[in-house]
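Visitor: Could you take me through one part of this structure in close detail? I'd like to see how a single strand sits among its neighbours, and then where that leaves us in the chain as a whole.

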Amino acid sequence: MSVVGQQPPPFFKRGPAPLARLAFFLALSLLCLVLDLRFHTLELSRQAVAMAAYPLQRLAYAPVEASDIVAEYFSSLATMQRENAILRRHQLDTTNQVLRQEHLELENQRLRALLEMKQRQSVPSRVAEILYSARDPFARRVIVDKGTQQGIIDGQVVVDELGVIGQVTRAFPMLSEVTLITDKSQAVPVQIVRNGLRSVLFGAGAGGLELHFLAANADVQVGDVLVTSGLDGVYLPGLPVAKVVEVNRDTTYAFARILCQPIAGVERHDQVLVLGQGEALPPAPAEPEEKAKPSKGKRAKK
Amino acid sequence: MIQPTHSSNRILLPVRGWFIFLTLFVALFLNMIPVGRLPGLPDFVALTLAFWCVREPFKVGMGAAFLLGIAMDVANASVMGQHSLAYVLLGFAASGLSRRILWFPLSQQALHILPLLLGAQLVMLATRMIGGAEFPGVLYFFSSLAASLLWYPLTYLLLLPQFQSMEKDDNRPI
């Protein structure tokens, strides 16, 4: 550069070559991707940026909110009346159950105490409103208006009046992100009400769900209702999740293909209930002491 | 033989740094508006970034693309690095093709921008599919089409401050 003791004119100083810069930034992006997808270690930085962007996000939500208000204002009286009629009928339907529930609960408590069973604790819950669905087209997530400030933590279960809709996957200070049960990466431990068969329910995309890894001859019928089994210690037991709509038993595969539809209004925008964490399950029993493994030589002899 | 010509011979004022920053910020804001899963909505950040990379390749480049990508990843609640990877590649291609693209009239510039934006979307699709996400449907790619249709109005909008004349003249229309 300074062979003859002269600097090049500043016009030619353009920093590193484009290819070098490309390689640098690509490496940086790939590093981010791997750290986030594989090791999940970028949550803290994400929280920080999200906190800084919160006012902007609320501001961006304003036009949507305004259009909602306008739409609501213009929604016709007929819709309201219809909704009212449905609600009244629903109320009549459930009155009977509601009136008897208190009595049944007391009775249940007594019986459980008699049986010395573990009491099903009631958990604290919090009403939240779904603000909007996240713009990420690859996942099914919604944003609700309560965050860590209101006591929401990661992993809490979100239900509506019909059943489970998802789970809090990222709690920010003011908002939290709920992954719907129809998301492909979301799994819910369930059991079939009719026969108590346990399984795990996965999102299948496009608003559907799928029961994986059930044998082709498993006792599953169309119309079976799936409720949470509570075995994971995160979901409370007995919450309705989905209904079986199709069972394909193809003998060429080891497993049946069982498609389900969510019971709750998963793709609707409404008020939801974020359930607090239940009591932690007792720790899993320790692994039995491993016996000395037979060496390979022995096995070969057999 | 028809040769493309650089038909616009209008001499523009130099661009101001704060204006570039402002437009990118506004684009980020537009991208943050939660419209849910409405397909075919253009990615304003990618479009504005491509515009400035083409127009001012020495001012806006891969560094800005990376930062915008990280901001988009957080705003969109997607995987960290998904947008930044796509935007960095977009920035590289747009700045590299800048001299060529500017030679064409606006409609053909839009035709150049379309594959760049589609490429960025394909990169995002590939990263997420490898990560095990679901396929969002073919409608997902309509957003690039919509964005490249916006190239014409966007050029006029973003170059508006540079169309001003050096001497202030109140009787001049623009």
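Guide: In this predicted model, 25% of the 302 residues of chain A count as buried. Chain A holds four helices and 12 strands. Its contacts reach a good way along the sequence: among those between residues at least 6 apart, 56% join residues at least 24 apart.

Let's zoom in on strand β8 of chain A, residues 208-211. This strand has two faces: Leu209(A) and Leu211(A) make up the covered one, while Gly208(A) and Glu210(A) make up the uncovered one. That fits a general pattern, since side chains in a regular strand alternate between the two faces of the sheet.

Now for the neighbours of β8(A). On one side there's strand β7 of chain A, residues 198-205, which pairs with β8(A) in the antiparallel sense over four bridges. One of the residue pairs here is Gly205(A) with Gly208(A), its bridge partner in β8(A). The two strands form a hairpin with two residues between them, and if you like checking backbone torsions, look at Ala206(A) in the turn, which has a positive phi of about 55°.

On to β11(A), which runs antiparallel to β8(A) and is joined to it by three bridges. Leu211(A), from the covered face of β8(A), has Ile258(A) as its bridge partner in β11(A). Glu210(A), from the uncovered face, stands opposite Leu259(A) in β11(A).

While we're in β11(A), which spans residues 257-262, have a look at Cys260(A). Is Cys260(A) buried or exposed? Cys260(A) has 26 C-beta neighbours inside 10 Å, so it counts as buried, the cut-off for that being 20 or more. Leaving out residues up to four places away in sequence, Cys260(A) touches several residues of β8(A), among them Leu209(A), Glu210(A) and Leu211(A). Its other contacts include Leu201(A), Leu226(A), Ala242(A) and Val244(A). For a sense of scale, Cys260(A) and His40(A) are 220 residues apart in sequence, and their C-alpha atoms are 30 Å apart in space.

Following the pairing onwards, β8(A) turns out to be part of a closed barrel of six strands, in the order β6-β7-β8-β11-β10-β9, with antiparallel pairing. From one strand to the next, the twist averages 45°.

Strand β6 of chain A, residues 187-192, is another member worth a look, and its side chains alternate too. Val188(A), Val190(A) and Ile192(A) point to one face and are buried, whereas Ala187(A), Pro189(A) and Gln191(A) point to the other and are not. β6(A) pairs with β7(A) in the antiparallel sense over five bridges, and Pro189(A) has Val200(A) as its bridge partner in β7(A). These two strands also form a hairpin, this time with five residues between them, where Gly196(A) takes a positive phi near 75°. β6(A) also pairs with strand β9 of chain A, residues 225-228, in the antiparallel sense over three bridges. There, Val190(A) from the buried face of β6(A) is partnered with Thr228(A).

Chain A has a further closed barrel of six strands, running β1-β2-β5-β4-β3-β12, with antiparallel pairing. Neighbouring strands of this sheet are turned by 45° against each other on average, direction ignored. Within it, three bridges join β3(A), residues 157-159, to β4(A), residues 164-171, and the two run antiparallel. Val159(A) has Val164(A) as its bridge partner in β4(A).

Last stop: the other chain. 37 residues of chain A are in contact with 33 residues of chain B. On the chain A side, α1, α2 and β1 each supply at least two residues, and α1(A) gives the most, with 12. That side divides into 23 nonpolar, five polar and nine charged residues.

α1(A) packs against helix α4 of chain B, residues 82-96, at an angle of about 165°, with the axes 8 Å apart. The two helices are therefore roughly antiparallel, the cut-off for that being over 145 degrees. Their crossing is left-handed. The residues making the contact include Leu22(A), Phe25(A) and Leu26(A) from α1(A), and Leu85(B), Val88(B) and Phe92(B) from α4(B). Counted by type, the residues of this contact are 10 nonpolar, five polar and no charged.

Notes
Residues are numbered from 1 along each chain as its sequence is written. Chains are lettered from A and ligands numbered from 1 in the order in which they are written. This is a predicted model: local features need pLDDT of at least 70, side-chain atom pairs count only at pLDDT 80 or more; totals for chains, interfaces and linings use all residues. A residue is buried if 20 or more other C-beta atoms lie within 10 Å of its own, exposed if 12 or fewer, and partly exposed in between; C-beta atoms are placed from the backbone. Two residues are in contact if their C-beta atoms, placed from the backbone, lie within 7 Å. Two strands pair if DSSP finds at least two bridges between them. Ala, Val, Leu, Ile, Met, Phe, Trp, Tyr, Cys and Pro count as nonpolar, Asp, Glu, Lys and Arg as charged, and the others, Gly among them, as polar. Axes are lines fitted to C-alpha atoms, for helices over the stretch in contact, and angles run from 0 to 180 degrees between N-to-C directions. Angles under 35 degrees count as roughly parallel, over 145 as roughly antiparallel, 65 to 115 as roughly perpendicular and the rest as oblique. A crossing is left-handed if the near helix is turned anticlockwise from the far one by less than a right angle, and right-handed if clockwise.
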